[in-house]
Amino acid sequence: MGSELIFRGHEAQPVDDSYSPKPHKPWFTVTRPIHYMLREQRLVFVLVGVIIATLFFTLVPSSSSSSVPYESLPISYFERESKIPAYHHRVAAAVHSVGKVPLGIKRKGLRIVVTGGAGFVGSHLVDRLIARGDSVIVVDNFFTGRKENVMHHFGNPRFELIRHDVVEPLLLEVDQIYHLACPASPVHYKFNPVKTIKTNVVGTLNMLGLAKRVGARFLLTSTSEVYGDPLQHPQKETYWGNVNPIGVRSCYDEGKRTAETLTMDYHRGAGVEVRIARIFNTYGPRMCLDDGRVVSNFVAQALRKEPLTVYGDGKQTRSFQYVSDLVEGLIRLMEGEHVGPFNLGNPGEFTMLELAKVKLGFSSNIIL
Ligand SMILES: NC(=O)c1ccc[n+]([C@@H]2O[C@H](COP(=O)([O-])OP(=O)(O)OC[C@H]3O[C@@H](n4cnc5c(N)ncnc54)[C@H](O)[C@@H]3O)[C@@H](O)[C@H]2O)c1
């Protein structure tokens, strides 16, 4: 039997292509759910629930603030800083003691860069910041700093160490920058004067650029050396100094003066939040021995059981502060309201002879 092709097109139903709109639902079908909710009293329950939740989240204060070790920060600091939105918002979220952090969620620490953090002062600063719960990134080229100064933080997830020279740019997301990177003792900063001034100028420029870019607050560790060979004693911050731009110490003195200038220009011109500390002689554990400064020289000679060398008649005076006091001052300056510059040092002056006799307890064996 042969297959048969059958055309059935003629059986197709005629298509009616005329438009027929969707039939309208009667209006009472829309109101039917409302009627249903009202009838079942569910809407009332929903509304009561919304009101209770609103009252709860508005009136109940956060519980996370009690463990925040920032009691010393005045509330007015945060109110005042509202002019600087980028910094304010992040720091306020992290620190503000009455923030709307949901119950049970702990305060987030700040993210802080410490340049020169493997050095003498920097490593003590890092210890304090880590101890109060912040996350710290140390940036150091180990010119005078040592890994041993921060090794005790290795393994802490809130600590990072980057070998980097601040003369090269760097991008990090942080809330605060403590800029310490610079050799501090004459022996070290005279070793390569061009590098010293580059560190002070280009390095500071790079860190200020970073602060501007990420909206971080920036603290510069300047020095009492900006007063040069001062004609005023003691030096007030308003004193402009008596400086020598061409001497062998100028790479440091003038470098720091330029760093201060850059810091203020970024503050005035770009709205960067800045702080300037002018540090006076500081001593304490981890300072370099034999670095040309009097305390470390005396300590080194005493450890070697050598007589202490006092230059001149020993009546010249200096002030000395302990490193933990300096670190306290730096943190208060960073968290405080004022830009500075601030002198950070011990107001009491000692003669070199007093230092040798009283401070180090060596009344004999002094060479003048
Ligand atoms: N210690 C004091 O008595 C004193 C006094 C006045 C000012 N200061 C200032 O305080 C800061 C710290 O001083 P310190 O006594 O701890 O000195 P330090 O030499 O012990 O520390 C300086 C740190 O900066 C690092 N560093 C230097 N150049 C760098 C670069 N180009 N890039 C990255 N890291 C670099 C060093 O390796 C070191 O770790 C310095 O800025 C110094 O000028 C210190």
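How many bridges join strand β2 to β3, and in which direction do the two strands run? In this predicted model, strand β2, which spans residues 135–140, is joined to β3 by five bridges, and the two strands run parallel. Within this pairing, Ile137 has Glu160 of β3 as its bridge partner.

The β2–β3 pair belongs to an open sheet of seven strands, in which the order is β3-β2-β1-β4-β5-β6-β11 and the pairing is parallel. The edges of this sheet are formed by β3, covering residues 159–163, and by β11, covering residues 342–344, each of which pairs on one side only. From one strand to the next, the twist averages 20°. In the protein as a whole, eleven helices and 13 strands are present, and buried residues make up 31% of the 368 residues. Among the contacts with a separation of 6 or more, 74% are accounted for by residues that lie 24 or more positions apart.

Two helices that lie across strands of the sheet may be described next. Helix α8, comprising residues 250–270, lies across β5 (217–223) and β6 (274–279), and its direction is at about 155° to β5. Helix α10, comprising residues 323–335, lies across β4 (176–179), β5, β6 and β11, and runs at about 160° to β6. Strands β5 and β6 are thus crossed by α8 and also by α10.

The ligand is surrounded by 29 residues, of which the closest are Gly116, Gly119, Thr144, Gly145 and Ala184. The elements that contribute two or more residues to this shell are α5 (120–131), α7 (193–214) and β5, and the largest share, three residues, comes from α5. When the shell around the ligand is divided by class, 13 residues are nonpolar, 14 are polar and two are charged.

Helix α5 also contains Phe120, whose surroundings were examined individually. Phe120 is classed as buried because 24 other C-beta atoms lie within 10 Å, where the criterion for a buried residue is 20 or more. When residues up to four places away in sequence are not counted, Phe120 touches Arg286, Met287 and Cys288. A further relation across the sequence is that between Phe120 and Arg146, which are 26 residues apart in sequence and 8.8 Å apart in space, C-alpha to C-alpha.

How values were computed. Residues numbered from 1 in each chain as written. Predicted model: local features only at pLDDT ≥ 70, side-chain atom pairs only at ≥ 80, totals over all residues. Pairing = 2+ DSSP bridges. Helix = DSSP H or I, 4+ residues; strand = E, 2+ residues; numbered from the N terminus. Axes fitted to C-alpha atoms, helices over the stretch in contact; angles between N-to-C directions. Contact = placed C-beta atoms within 7 Å. Near = placed C-beta within 6 Å. Nonpolar A, V, L, I, M, F, W, Y, C, P; charged D, E, K, R; others polar. Buried ≥ 20, exposed ≤ 12 C-beta atoms within 10 Å, placed from the backbone.
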